[in-house]
Amino acid sequence: MAEIKKKEEKARSVDPACEEVFATCEESPVGFSWDRLAKQQPQCGFGMKGQCCRICSMGPCRVMPDKEKYKYGVCGVDVDTVAARNFVRMIAGGAAAHSDHGRGVAETFLAAAKGEAKGYEIKDEQKLLQLALDFGVEIGDRAMQDIAIEVGEKALSIFGEQHGPIPFIKRAPLKRQEIWKQHSMEPRGVDREVVEIMHRTHMGVDQDPVNLMQQGSRCALADGWGGSMVATELQDVMFGTPQPIIGECNLGVLKEDEVNIVIHGHEPTLSEMVMVVSQAPEMIEKAKKKGAKGINLGGICCSANEILMRHGVPNVGNFLQQELALATGAVDLMAVDVQCIMDALPRIAKQYHTKFITTNYRAKMSGAEHIQFDEDHAEEIARKIVEMAIENYPNRGTTHIPQTTNTLVAGFSHETINYLLGGVFRAAYKPLNDNIINGRIRGIAGVVGCNNPKTVHDSAHIALVKELIANDVIVLQTGCSALAAAKAGLMLPEAAKEAGKGLAEVCEAVGIPPVLHMGSCVDNSRILMAATAVVKEGGLGDDISDLPAAGAAPEWMSEKAISIGHYFVASGVYTVFGTTWPTAGAPGFTDLLFNKYEQIVGGKWDFAQEPSEMARKMIEQIDNKRAALGIDKAKERVLYDMAMRRELDAG
Amino acid sequence: MGEKKIKKERWDGSEVEILGETYEEGLPEEPIRWRSKLGDRQQMLRYLQSGERYWFSNDWYGSERRKTPA
Ligand code: SF4
Ligand code: SF4
């Protein structure tokens, strides 16, 4: 029996740091997401496959195409419309989350430009000028502050844009813009697009899956080329455009002899300020007075990615490691803002000495202390949070900090990739395009997204990325997926030895890893920019859908992932998700997404349970695109043999 | 720093000596702060026109050369 339990536990994560925590928590009464998932079995099959509708009180209805009795809901709806409504509502949820984050950034930016947000400033003037050009803001010799105020106002107005298309879609390849126009998919402001989805999916409104998806596409595009892109761009202006930087990651970055503060969530406005304050000499002095050697700041999820990309602040872990970080007993304070925060955290924190703080009025949690963060008093509030952590340090009980840490190079913004490929005087994507054309690089893959306890933690990300680079596909990553690859050592230049010969040669020549960390979830907009630059450079077609490229989220779980996936599809990218597929019980609608949609937007969805199957599909897509471009010199797919797979399984 | 030469196989199977990688081995201690090389506003705007020419140059349209500029 004990033997079986051990085996089950082994299947939770491929990360040895997680194993170390599991080993110390066998008796934990709270348990982790994996335990709760086991208790939830069997989960509802109707909900899982998109067959459940509960948008009016004549329901809830379960609608099944193959059971005469359940063929229609009480209102008469069929399963394809039910699944389509559920799916576009997921897009709306994800787009709203990214974009409300973006709006918050725009508000802070505008306040900073007006000098009303102490502690925030314009750090990257060049990026500000870039936005001024995008928005048609006059530059001349106007003061930076005046330009910033106008840019901030224009950025903020994007969210509520009622009629015209939002300005950033002009960044897309011309052919792509034509496709959107032709299919009435040019996005207006995300606020309008989300509201329209909620209207159309209300009982008795839009009942045509194709029409629902047209709005779903418009909303997703308003996220990718709107809300998310605004967030990325303004964050770059305020906190700096990411440049290559070394960082450490995994639970082992927590320190036995320092005050550990963990920031979890998404908005860098909080994490940046806590970072500044935690480095202040008077704070370090206070920590020393309490017996600590210093203050150690770390992040989880995208808060972590933001400060890692810009400052090299250690990343404690990805989504499924948030509970484990608390279970080390070494976190003196965890402060959270919005998104991807497990509801169990305050309960777990209570088992240890950890102070658990919520900081955003949108995201309060019972059992947590709330300290409202606002940009007018950002420094003051950050100081209060850091002081609380210091005060709490002497209350620590026994700690179990895993010994595992991993090193990575982060900071690959689109601008930095452009620079690294060519230098200040000849920055260009040409070397990348040339190497794709000559076949050294087979294609480009974006591998992004979450963790999900239904898939062994990190296993699918790592297996997929390894197989892609072994096949000469360069991989761009964001979010929790990026951290999975970093923990596997794939974000170091020496990872080139795991790449195919051609890709390895290019990486060695340029001095980059074969897997590039491009940032947080909103920074998927950087991947859109990189793909557009490759198109505009020339030689690989004239639209994103012509590129030998593919996207994937092997361990996705959130609505944000669906919104991201769909703005890639609607931008022309073949996109494969793993773990589970939310419309699997609606054959007609799934066929629209997996097949017919390609004729409309040039990109389409797909699903693959296993990472090797996912890699096969992505490489097949890349090879088909190479063939269409006439650059299809034969390249055999490198298959992982059993020995390589065993090595992978061993983590 | 001397030039590093490496041996590679040529397309016809013969061995040739070529210039090896030019970057320094190991990981940089300091972040690569390339953006600080862009000094004043004029330089920044010039960089946007050249480095980010896909969007900001007057005469570069790459794959879109034959079409009306954006
Ligand atoms: S909208 Fe139709 S399918 Fe949905 S709950 Fe109401 S009656 Fe049932
Ligand atoms: S990748 Fe997924 S889990 Fe991770 S921060 Fe983004 S949405 Fe959350």
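**Exercise 1.** Which residues are around ligand 1?

*Solution.* This is a predicted model: local features need pLDDT of at least 70, side-chain atom pairs count only at pLDDT 80 or more, and totals for chains, interfaces and linings use all residues. Residues are numbered from 1 along each chain as written, chains are lettered from A and ligands numbered from 1 in written order, and side-chain values use heavy atoms, without hydrogens and water.

Step 1. Apply the cut-off: a residue is near a molecule if one of its heavy atoms lies within 4 Å of it.
Step 2. List the hits: Cys53(A), Ile55(A), Cys56(A), Met58(A), Gly59(A), Cys61(A), Gly73(A), Val74(A), Cys75(A), Val77(A) and Met203(A).
Step 3. Sort the shell around ligand 1: nine nonpolar, two polar, no charged. Here Cys counts as nonpolar and Gly as polar.
Step 4. Check Cys75(A): its relative accessibility is 44%, partly exposed (buried is under 20%, exposed over 50%, partly exposed in between; 1.4 Å probe, protein chains only).

**Exercise 2.** Find how many disulfides there are over all chains.

*Solution.* Step 1. Look for cysteine sulfur pairs within 2.5 Å. The count is zero.
Step 2. Test Cys52(A): the nearest cysteine sulfur, that of Cys44(A), is 6.0 Å away.

**Exercise 3.** Describe the interface of chain A and chain B.

*Solution.* Step 1. Count contacts (heavy atoms within 4.5 Å): 53 residues of chain A meet 33 of chain B.
Step 2. Gln126(A), Gln243(A) and Lys536(A) supply 19% of the area that chain A buries against chain B (accessible area lost on being put together, 1.4 Å probe, summed over both parts), more than any other three residues.
Step 3. Find salt bridges (side-chain nitrogen of Lys or Arg within 4 Å of a carboxyl oxygen of Asp or Glu): there are two across the interface. Asp124(A) forms one with Arg35(B), closest N and O atoms 2.7 Å apart.

How values were computed. Buried area = accessible area lost by both parts, 1.4 Å probe.
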